[in-house]
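User: I am new to this structure and would like to learn how its features are read, one at a time. Could you take me through them slowly?

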Amino acid sequence: MINNRKTKINKKASPQEKDTSISNIIERNQFILEGTNDGIWDWNLQNGEYFFSSKEETVSQPSRKIDSLEGWKNLLHPEDKVKAVNILEDYLVKKVGIYQNIYRIKKSDKEYRWVLSRGRIQMDQSGKPLRIAGLHIDITEEMESKNKMNQQLYQLAYYDPLTDLPNKAKLNVEFEAMYDLNKSDQKVAIFYIDLDNFRYINNLVGYELGNEVIKNISKKLKEKLNKKFVLGRDSEEEFILLLFYDHERDLYKEANEVLKIFRYNQFLTGHQICITASIGIALCPEHAPTFNGLLEYADTALYYAKIKGKNQFRIYQESMREFAYKETSYMHDINEALQTEAFCMYYQPILETVKEELVGFEALIRWNDAQRGFISPCEFIPIAEKTGQILQLEKQIFEAVFKQVEHWKKQTNKRFFVSINLSPKGLINKGLVSFLEALVKKYYVEPSDIILEITETTLLEGIEETLAVFDLLKQKGFIIALDDFGTGYSSLNYLKELPISKLKLDKSFIDSLLVSEKDQYITESIIELCHRMNLKVVAEGVECEEQRDILLKLNCDLMQGYFYCKPKPVAELGSWIK
Ligand code: C2E
Ligand code: CA
Ligand code: CA
């Protein structure tokens with residue numbers, strides 16, 4: 001029980017005053033209030049006296065009792081003061097309805113309590129305000145839990161839960177807070193960073209470790225980047241950086257720094273995973289004055305960086321838009337070429353190394369466009385993959401090759417295999433097996449006449465399903481070769497996991513043979529390993545006699561390259577066939 005059932009702060013108050021005051025009501029109702037966190041207050045507007053029920057001592061410290069409006073103001077939390085005073089003053093001006101205010105008031109030097117204050121003004125007959133009196137309710141617990149919930153909601157709305165980095169919405173807010181359109185000398189750049197082949201890494205290590213990689217990357221980026229950056233995370237493998245810079249050369253420096261962070265760090269202990277990133281950069285005010293506008297331009301630049309080989313940065317340029325436009329127009333032309341069968345196949349001989357005898361061909365697509373001339377498959381295959389046109393294109397390729405193999409078999413009575421490149425985005429997970437079976441029935445071709453060349457990227461899309469397709473193809477008698485070994489990740493694991501019979505050493509390997517002995521040792525070891533696993537090795541891009549001689553010495557089984565013959569149309573391969 002608190003001793004002072006009734007407290008009068010202003011010692012100068014007269015006895016009459018006390019009688020007429022609301023304090024007797026306070027006394028009567030005190031027992032009800034004892035069981036609650038509430039208190040009653042009464043502020044005499046005539047003489048400035050302030051009364052409050054004893055329970056109020058839980059709210060304001062007795063030694064710092066309030067005896068005037070100023071006294072009350074002094075106890076308010078600095079953050080709430082202006083608003084709380086405004087509400088009170090507003091009420092004093094309007095003098096109608098219920099006064100209601102929420103603020104924090106000092107309980108002790110260390111503690112503030114949240115108070116809901118409700119009251120009403122009393123006026124004499126002439127309309128002159130006499131007092132405001134009402135109830136104080138301690139709502140500290142409710143407010144704290146509400147604030148906590150608000151904080152959680154804020155965190156969810158503005159931060160990425162995995163890395164705690166600001167998300168796109170928060171970066172937008174930050175950008176608007178920091179960038180002042182009226183200051184002409186301010187320069188801001190947006191870096192849109194996308195991890196290269198992250199889906200492959202997720203497939204390789206699983207989602208949980210994939211998340212670990214993302215967390216470690218975000219930690220390293222935060223650690224290494226200086227304060228000029230604001231770092232955020234967009235979607236799964238995308239980060240956004242806001243950079244305030246002075247000179248363009250700083251942009252290049254910082255972009256290279258970011259790429260280096262990826263190059264020189266490991267993001268998953270115990271795994272030799274090499275992670276690279278591509279960056280698209282847009283500048284403010286040159287490209288756009290808003291965050292979302294900049295992001296759009298940075299995205300175009302990022303797309304360009306990816307197309308141009310990944311692991312690099314690009315600053316937005318108008319020509320990149322044209323590039324995107326060119327793609328759309330390509331799409332239209334590919335469609336037309338598909339209808340008119342304007343694509344045709346070239347074949348490049350593959351020879352057995354020791355006897356230098358023709359054993360097969362690699363089928364390589366060619367597109368001779370009426371306006372553009374010869375277009376490299378490196379240019380149009382990625383577009384066809386993106387637009388989905390690769391499906392129809394691949395059907396035409398298979399049909400053409402099977403027809404050709406049948407023709408050669410009937411014409412020469414000799415057996416050559418023909419290698420066909422499989423796109424990871426093509427028929428592989430969309431009915432390839434039944435399509436090939438139908439072709440085997442239609443043409444005088446056996447599955448073992450056909451080699452399907454796959455690359456590591458073929459496995460990027462759903463590893464389990466893809467492996468199952470390869471297993472089935474092998475069972476049916478088709479031969480599978482791993483293409484471009486030596487580029488990308490060159491995981492030796494693939495040699496074990498994939499049902500392959502051949503491995504194609506990429507041209508970069510063959511080129512390095514003439515450069516260093518070390519490279520020869522590596523190539524020799526790979527060839528030896530393949531032989532132990534019953535795999536045949538094909539050297540790609542053999543261009544000169546010295547390379548041929550080294551490969552012969554290293555026991556490489558098969559060779560292909562300009563040294564023997566460039567890819568040619570069938571009509572020009574007569575002498576090879578004979
Ligand atoms: P790839 O599968 O690695 O094909 C080998 C590429 O190396 C071919 O380029 C070939 O012409 C070239 N090449 C062969 N020997 C030499 C040499 O000694 N020196 C040099 N510098 N190059 C040599 P091409 O025909 O331009 O094809 C490029 C890539 O386009 C292919 O690389 C393959 O990934 C893709 N591609 C080509 N045709 C097809 C196809 O029918 N379907 C699919 N999905 N992709 C194809
Ligand atoms: Ca190939
Ligand atoms: Ca290749």
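User: How far apart are the calcium ion (ligand 3) and the calcium ion (ligand 2), and which residue coordinates both?

Analyst: To read a metal site, one lists its donors, which are N, O and S atoms within 2.8 Å of the metal (3.2 Å for Na, K and Ca); water is not among the atoms, so sites may look incomplete. In this predicted model, the two calcium ions, ligand 3 and ligand 2, are 3.8 Å apart, and Asp483 coordinates both. For ligand 3, the protein donors are Asp483 (OD), Asp484 (OD), Glu540 (OE) and Glu540 (OE), at distances of 2.1 to 2.5 Å, and along the chain these donors follow the spacing D-D-x55-E. Asp484 belongs to strand 17 (residues 479–485), while Glu540 sits in the loop between strand 19 (536–539) and helix 19 (545–553), so the pair ties together parts that are 56 residues apart in sequence. Helices (H or I, at least four residues) and strands (E, at least two) are DSSP runs, numbered from the N terminus.

User: On what basis are such numbers and values given?

Analyst: Residues are numbered from 1 along each chain as its sequence is written, while chains are lettered from A and ligands numbered from 1 in the order in which they are written. As this is a predicted model, local features need pLDDT of at least 70, side-chain atom pairs count only at pLDDT 80 or more, and totals for chains, interfaces and linings use all residues, while side-chain values use heavy atoms, with hydrogens and water left out.

User: Which residues coordinate the calcium ion (ligand 2)?

Analyst: The calcium ion (ligand 2) is held at 2.1 to 2.3 Å by Glu362 (OE), Asn421 (OD1), Glu453 (OE) and Asp483 (OD), with the donor residues spaced E-x58-N-x31-E-x29-D in sequence. Since Asn421 lies in strand 15 (residues 417–421) and Glu453 in strand 16, the pair ties together parts that are 32 residues apart in sequence.

User: Are Asn421 and Glu453 buried or partly exposed?

Analyst: The reading rests on relative accessible area, where buried means under 20%, exposed over 50%, and partly exposed in between (1.4 Å probe, protein chains only). Asn421 is partly exposed at 31%, whereas Glu453 is buried at 2%. At the other calcium ion, Asp484 is partly exposed at 28%, and Glu540 is buried at 11%.

User: Which residues are closest to ligand 1?

Analyst: A residue is near a molecule if one of its heavy atoms lies within 4 Å of it. Ligand 1 is surrounded by 22 residues, of which Gln348, Arg366, Asn421, Glu543 and Tyr562 are the closest. A polar contact with the ligand is a pair of N or O atoms within 3.5 Å. One such pair joins a nitrogen atom of ligand 1 to an N or O atom in the side chain of Gln348, at 3.0 Å, and a nitrogen atom of ligand 1 also lies 3.1 Å from a backbone N or O atom of Ile365. The side chain of Asn421, which is among the donors of the calcium ion (ligand 2), has an N or O atom 3.0 Å from an oxygen atom of ligand 1.

User: How many cavities of 30 Å³ or more does the structure hold, and which residues line the largest cavity?

Analyst: Rolling a probe the size of a water molecule over the atoms shows where empty space is left. On a 1 Å grid over the protein atoms alone, a cavity is a set of points where a 1.4 Å probe fits but cannot get out, and lining residues have an atom within 4 Å of a point. Grid points are joined across faces, edges and corners, and a volume is the space filled by probe spheres set on the points. There are three cavities of 30 Å³ or more, and the largest cavity holds about 100 Å³ of space. Its lining includes Trp41, Trp43, Tyr50, Trp72 and His136, and strand 2 (38–44), helix 3 (69–74) and strand 4 (98–106) each supply at least two of the lining residues.

User: Where are there unusual backbone angles, beginning with Asn311?

Analyst: Most residues other than glycine have a negative phi, and most peptide bonds are trans. Asn311, although not a glycine, has a positive phi of about 50°, and its place is the loop between helix 10 and strand 11 (313–315). Glu356 is likewise not a glycine and has a positive phi of about 55°, in the loop between strand 12 and strand 13 (357–369). Cys284 and Pro285 are joined by a cis peptide bond, with omega about 10°.

Note on methods: A polar contact is a pair of N or O atoms within 3.5 Å; within protein, one must be able to donate a hydrogen and the other to accept it, and residues adjacent in sequence count only if both atoms are side-chain atoms. On a 1 Å grid over the protein atoms alone, a cavity is a set of points where a 1.4 Å probe fits but cannot get out, and a pocket is an open set with protein on both sides within 12 Å along at least five of seven lines; lining residues have an atom within 4 Å of a point.
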